[in-house]
Amino acid sequence: MDRTLQRLESMPAAQEQEASSAEGLVRVRIDGQGRVMSIVVSHVWAQSLTTAELGPAILEAYLGAGVSQVEEWNSHLEVAMELPEPQTRPFPTQLQSEVAEFAGGDSVTEVEVLERLLEVWSEVEHELDSTIAEVTAGASRQHEISSFQGEVKVVCSATGSLESLTLSEGWLRRSHPANIGRLVLATITDAQNAALTDFSHTQEVAARGTAELQRLGDPDYLHRRLGIGH
């Protein structure tokens, strides 16, 4: 695992990517984290697309940029995995001293140890279940944002991925292509910001849960809870 992790750490950061819809009438650019940076709608888009087709065309270009990013990542991964196998980094552990401490602990009955161990295990189980439930809910949450007058509606996944885009056909008919691109971009940005802000909370929940599980599994803590002295 450590060797694989070192290879992954050697990979360069994801770069910006740009893609166009099949007709070439929409261009979308994303940054390395998948955030939409720009949307350019051709001045002649209405000659080839209906108002109902423009939203899907923008989504198509967005997905194309995402595919390019995945392809780039996969290419870097192949290079990383072909590198000479790195040396495993030291993994410090006090396992031997901890075993010795358990062996030389104070006298305590087997039943008492098992009862206390069951209490700790129940706490671990509760913490694990609650953390998984909250993280699962956060990771599956969708975020729907609309522009001020409802011309643009955007749905993003928990991680900020654009899932759907709905555009008012009446608004499209009377709007300049540059204004279309600006308002769609602004609404997507709001949706992605909301999603990523919420997802950072989900990551904090996961980190707190992990920290609590580490605390419950700490040898010194277990010594005290189980009544086994150092």
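Biologist: Is R89 buried, partly exposed or exposed in this model?
Modeller: Bear in mind that this is a predicted model. The relative accessibility of R89 comes to 34%. Buried needs a value under 20% and exposed one over 50%, so R89 counts as partly exposed.

Biologist: Which residue does the side chain of R89 meet in a salt bridge?
Modeller: R89 sits in the loop between α2 and α3, and its partner is in helix α1, so the pair ties together parts that are 87 residues apart in sequence. That partner is partly exposed, at 22% relative accessibility. The N to O distance is 2.9 Å, and the partner is D2.

Biologist: Thanks! Which residues are joined into one network by salt bridges that share partners?
Modeller: Take E18 as the starting point: E18 pairs with R27, with the closest N and O atoms 3.5 Å apart. E18 also pairs with R29, at 3.6 Å between the closest N and O atoms. That second pair links strand β1, which holds E18, to strand β2, which holds R29, across 11 residues. Salt bridges with shared partners thus give a network of E16, E18, R27 and R29.

Biologist: And how many salt bridges does a search of the whole structure find?
Modeller: The pair of R89 and D2 is a salt bridge, and so is the pair of R27 and E18. The search of the whole structure gives a total of 8.

Biologist: Turning to the interior, which element supplies the largest share of the largest nonpolar core?
Modeller: This core has 31 residues, and V28, I39, L54, I58, L167 and V184 touch the most other members. Several elements supply at least two residues each, including β2, β3, β5 and α6. The largest share is 7 residues, and it comes from α2.

Biologist: Which residues does L54 touch, not counting those up to four places away in sequence?
Modeller: L54 is one of the core residues that touch the most other members. With residues up to four places away set aside, the list is V26, V41, W45, L49, L167, L172 and I180.

Biologist: How far apart in space are V152 and W171, C-alpha to C-alpha?
Modeller: V152 belongs to strand β5 and is buried, with 0% relative accessibility. Its contacts beyond four places in sequence include L165, L167, W171 and V184. V152 and W171 are 19 residues apart in sequence, while their C-alpha to C-alpha distance is 9.1 Å.

Biologist: Now a polar residue: which residue's backbone oxygen does the side chain of Q192 reach?
Modeller: Q192 lies in helix α6, and at 2% relative accessibility Q192 counts as buried. Beyond four places in sequence, Q192 is in contact with G34, R35, V36, Y62, C156 and G160. At 2.9 Å, the side chain of Q192 reaches the backbone oxygen of G160.

Biologist: What is the area of the nonpolar surface patch made by L5, L8, W73 and M81?
Modeller: Helices α1 and α2 each supply at least two residues of this patch. One of its members, L8, is in helix α1 and is partly exposed, with a relative accessible area of 36%. The patch made by L5, L8, W73 and M81 covers about 360 Å².

Biologist: Finally, which residue with a positive phi follows α7?
Modeller: Helix α7 spans residues 219–226, and its buried residues are P219, Y221, L222, H223 and L226. The residue that follows α7 has a positive phi, near 75°, and is G227.

Key
Residues are numbered from 1 along each chain as its sequence is written. This is a predicted model: local features need pLDDT of at least 70, side-chain atom pairs count only at pLDDT 80 or more; totals for chains, interfaces and linings use all residues. Side-chain values use heavy atoms; hydrogens and water are left out. Helices (H or I, at least four residues) and strands (E, at least two) are DSSP runs, numbered from the N terminus. Buried means under 20% relative accessible area, exposed over 50%, partly exposed in between (1.4 Å probe, protein chains only). A polar contact is a pair of N or O atoms within 3.5 Å; within protein, one must be able to donate a hydrogen and the other to accept it, and residues adjacent in sequence count only if both atoms are side-chain atoms. Contact means heavy atoms within 4.5 Å. A nonpolar core is a set of buried Ala, Val, Leu, Ile, Met, Phe, Trp, Tyr and Cys residues joined through side-chain atoms within 4.5 Å. Patches are made of residues with over 30% relative accessible area and no salt bridge: like charges are joined within 9 Å, nonpolar side chains (Val, Leu, Ile, Met, Phe, Trp, Tyr) within 5 Å. Accessible areas come from the Shrake-Rupley method with a 1.4 Å probe; for residues, only the protein chains shown count as cover. A salt bridge is a side-chain nitrogen of Lys or Arg within 4 Å of a carboxyl oxygen of Asp or Glu.
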